[in-house]
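Here are my notes on the structure, as promised. Have it open while you read, since the points hop around the chain a bit.

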Amino acid sequence: MLARNILQASFGCPGLSLAFPKKRISFLQTLTTGHSVFKTFRMDGKKEPEESQDTTSAGADSATTAVPMEDTNPSSSTESSQTSSTEPGLLPGETVVREGKAAILFPSANEVFYNPVQEFNRDLTCAVITEFAREHLAQRGVRILVPGEKDRVVVRLSEEKNGTEDQEASEQPEKERQKEEEGDKKEFITASVGERCEQGLRVLEGLAASGLRSVRFALEVPGLKSITANDYSAKAAALIARNAQHNNVSHILQARQRDASMVMYEARGKKERYDVIDLDPYGSPSPFLDAAVQAVSEGGLLCITCTDMAVMAGNSGETCYSKYGSMSIKSRYCHEMALRIILHSLDQRAAVYQRYIEPLLSVSVDFYIRVFVRVKTGQAVVKNSASKHALLYNCVGCGAFHLQRMGKKMSQGKHMKYSAATGPPVGPNCEHCRQRHQLGGPIWAEPIHDIKFVQKVLGAISGNPTRFRTSKRIEGVLSMVTEELQDVPLYYVLDHLSSTVHCNTPPMLQFRSALLHAGYRVSLSHACKNAVKTDAPAGVLWDIIRCWEKSNPVKRERLSETSPAHRILSAEPTLQACFEIREDANPQSRKRHLTRFQENPQANWGPKARAKAGGGISSELEDKRKQFQGKRKKPITDSSQLKSLPCKKFRKGTCTYGDKCCYSHELEQETNEKKMD
């Protein structure tokens, strides 16, 4: 025990301790200046050989062996990225996980959280921070060099735009070339990956776990001055330090063991703020948002991930309100609504400190959402905050929705006049199906993307497709983002519209063509495969459905007179829809067959179990997963198998069947006894 206590050595910051197993007793000697490279010595006085690794060759090896995720067997790609550890300097039971140019050491147990499915998240973050650094550092006289990047590619918008916008898009390359020619005349400092740039960005990863994301930043994102990888767990902080040394990035990456909120609160001063803050928590980021909007520099970048989608998608509206200040509701557009809820929460917390947000990119993928926002300061702009947020009225019968802005602003010459908004925009019941409305929000009602910035990221990905393993999917998602209607919040889902009236679903191209023939705009959404994002009111959509139903009739005698289907179809359409397919109804991302909505990457690919001190996953959780896996696809037909399931009524004390109940009462009693113990 005495030796164990002695071996807790400080690593460059207060509170960080590195603990080693008894079989491998060693001392750490930390350099007082320069990088955080440390040497190890055995107890017998013999010096161990230092671990050395050429990051350039390691990155090249991983690039040559890596195949894009969309084109490979998901299970095999995951297995190939993890190799059992025979490399020198690794502890017993450790494995090496290779992702991008990083080679990360991981314990065999679940002591430090890692999810391979989020490689898309990490690749996209590296791409976004690279473009942010390109813009941000150009003002400081720094030009970044990205490996494999050739001439910049300007990605134009889809052909659905009118002639004026096409002309502006064609003039855009000329303007950029002029800026580049002017920039060539100036003297720039070049910054490469893996090198420390004194005028570069200061990055904070508040919840770093193994440090994989931070190591990838150091190896793949140029123009960085420092990276602080923080985690509250001592084991995680120790692993971050070892991974930094293993990848030879200790001169850029520093490990810390602190509470993430305290790290950010202590960096609120203008000189101590971070240029980029990345928060990817297990669950909700709400406890860290207040500190994050204060600790990011002027015009800095906030990267936020939310994995508590059950809360944000309407399953627990009251919990969502307590965390984000917004009421979530169950709806078909729940994924985009979740994006707008987190943006609302960020802007609300920033406004307290006279700051505001500018969303650069907001995506909903897999089981989480990810937003990239720029934070700025301005008292005059903060006054517009009320007009940027809106309440949501959602019909529970047909799904029609309306937005009500929280505030109103009017221009009076050089000044703006602010007042309360008038409403509500709907009556007590829906005008289409006469059902009641749900009230949700407030949500962010402004655009959730900066199209010019997204085009720059997309151009960089298209021009350097071998940089990331998930480049194909990133290109597909960002292409859909550029095609979305930016001034139209939320969307309808085509199959839900047709199922409401119990008719066949019209083809997507024909339905989109009908909207275009009627003079309205329409686009898809990256958040849902069958989404219809349009500026047409709900009445126009139902008129198109009524016209479609006339050629695909429904047996109305089977419809209840009080059902939404009967009430919608009983009204005659005021618009005669034309279903002739138009050329501009098919978006460019669909014509080019880009990877937009990929299949599940691997079995059980959802959120992984939370990391815990002892490692591993509890057997109870594993048994529960196996018990309920595929319960809808394989329903129980034998009544004797029901005895393996607990009785819900018995749990509530309302079961009157006693021993004759087909469900088990004993399982519930055993569970209660375990809780009592």
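1. Let's start with helix H18. Its buried residues are Met508, Leu509, Phe511, Arg512, Ser513, Ala514, Leu515 and Leu516. That makes eight of the ten residues in H18 (508–517), so the helix counts as mostly covered. Bear in mind throughout that this is a predicted model.

2. What lies over H18? The cover on its buried residues includes three helices, H17 (494–500), H19 (538–551) and H21 (588–591), along with strands S23 (522–525) and S24 (528–534). Just past the end of H18, have a look at glycine 519, which takes a positive phi of about 95°.

3. Helix H6 (residues 212–220) is another one to click on. Nine of its nine residues are buried, so the rest of the structure largely encloses this helix. The buried set takes in charged names as well as greasy ones: Leu212, Arg213, Ser214, Val215, Arg216, Phe217, Ala218, Leu219 and Glu220.

4. Stepping back to the whole chain: it has 24 helices and 24 strands. Of its 677 residues, 50% count as buried. Take the contacts between residues at least 6 apart in sequence, and 67% of them join residues at least 24 apart.

5. Now the sheet. Seven strands make an open sheet with mixed pairing, and the order across it reads S12-S11-S10-S13-S14-S16-S15. The edges belong to S12 (253–256) and S15 (355–365); each has a single partner strand, so one side of each has no neighbour in the sheet. On average, neighbouring strands here are turned by 20° against each other, ignoring direction.

6. At the S15 edge, the strand runs antiparallel to S16 (residues 368–377), and ten bridges join the two. If you want one bridge to find on screen, proline 359 has valine 373 in S16 as its partner. Helix H12 (residues 334–351) packs on this sheet and touches S14 (296–306), S15 and S16; the direction of H12 makes about 160° with that of S15.

7. Further into the sheet, S14 pairs with S13 (residues 274–279) in the parallel sense, over five bridges. Leucine 279 finds its bridge partner in isoleucine 304 of S14. Is S14 mostly covered or open? Mostly covered: ten of its eleven residues are buried.

8. On to the aromatics. Searching the whole structure turns up four aromatic pairs. In one of them, tyrosine 333 and phenylalanine 401 have ring centres 5.0 Å apart and planes at 65°, so this pair is edge-to-face. Tyrosine 333 sits in the loop between H11 (317–324) and H12, while phenylalanine 401 is in strand S18 (residues 401–405), so the pair ties together parts 68 residues apart in sequence.

9. Phenylalanine 401 has a second ring partner, tyrosine 492. Here the centres are 4.6 Å apart and the planes at 25°, so the pair is stacked. Again distant parts of the chain are linked: phenylalanine 401 in S18 and tyrosine 492 in strand S22 (residues 492–493) are 91 residues apart. Put the ring pairs together and Tyr333, Phe401 and Tyr492 form a cluster.

10. How exposed is that cluster? Tyrosine 333 is buried, and so is phenylalanine 401. For phenylalanine 401 the relative accessibility is 13%. Tyrosine 492 is buried too, with a relative accessible area of 9%.

11. Two arginines are worth a look for how they meet rings. The charged end of arginine 202 sits over the ring of tyrosine 274, 4.6 Å from the ring centre. Arginine 473 does likewise with phenylalanine 120, its charged end being 4.5 Å from the centre of that ring.

12. Lastly, the cysteines. How many disulfides does the structure hold? Zero. Take cysteine 320: the closest cysteine sulfur belongs to cysteine 306 and is 9.4 Å away, too far for a bond. Cysteine 320 counts as buried, at 0% relative accessibility. Cysteine 303 is likewise buried, with 0% relative accessibility.

Definitions and conventions: Residues are numbered from 1 along each chain as its sequence is written. This is a predicted model: local features need pLDDT of at least 70, side-chain atom pairs count only at pLDDT 80 or more; totals for chains, interfaces and linings use all residues. Side-chain values use heavy atoms; hydrogens and water are left out. Two strands pair if DSSP finds at least two bridges between them. Helices (H or I, at least four residues) and strands (E, at least two) are DSSP runs, numbered from the N terminus. Axes are lines fitted to C-alpha atoms, for helices over the stretch in contact, and angles run from 0 to 180 degrees between N-to-C directions. Contact means heavy atoms within 4.5 Å. Rings of Phe, Tyr and Trp (its six-membered ring) pair if their centres lie within 6.5 Å; planes under 30 degrees apart count as stacked, over 60 as edge-to-face and the rest as tilted. Buried means under 20% relative accessible area, exposed over 50%, partly exposed in between (1.4 Å probe, protein chains only). A charge sits over a ring if NZ of Lys or CZ of Arg is within 6 Å of the ring centre and within 35 degrees of the ring normal. A disulfide is a pair of cysteine sulfur atoms within 2.5 Å.
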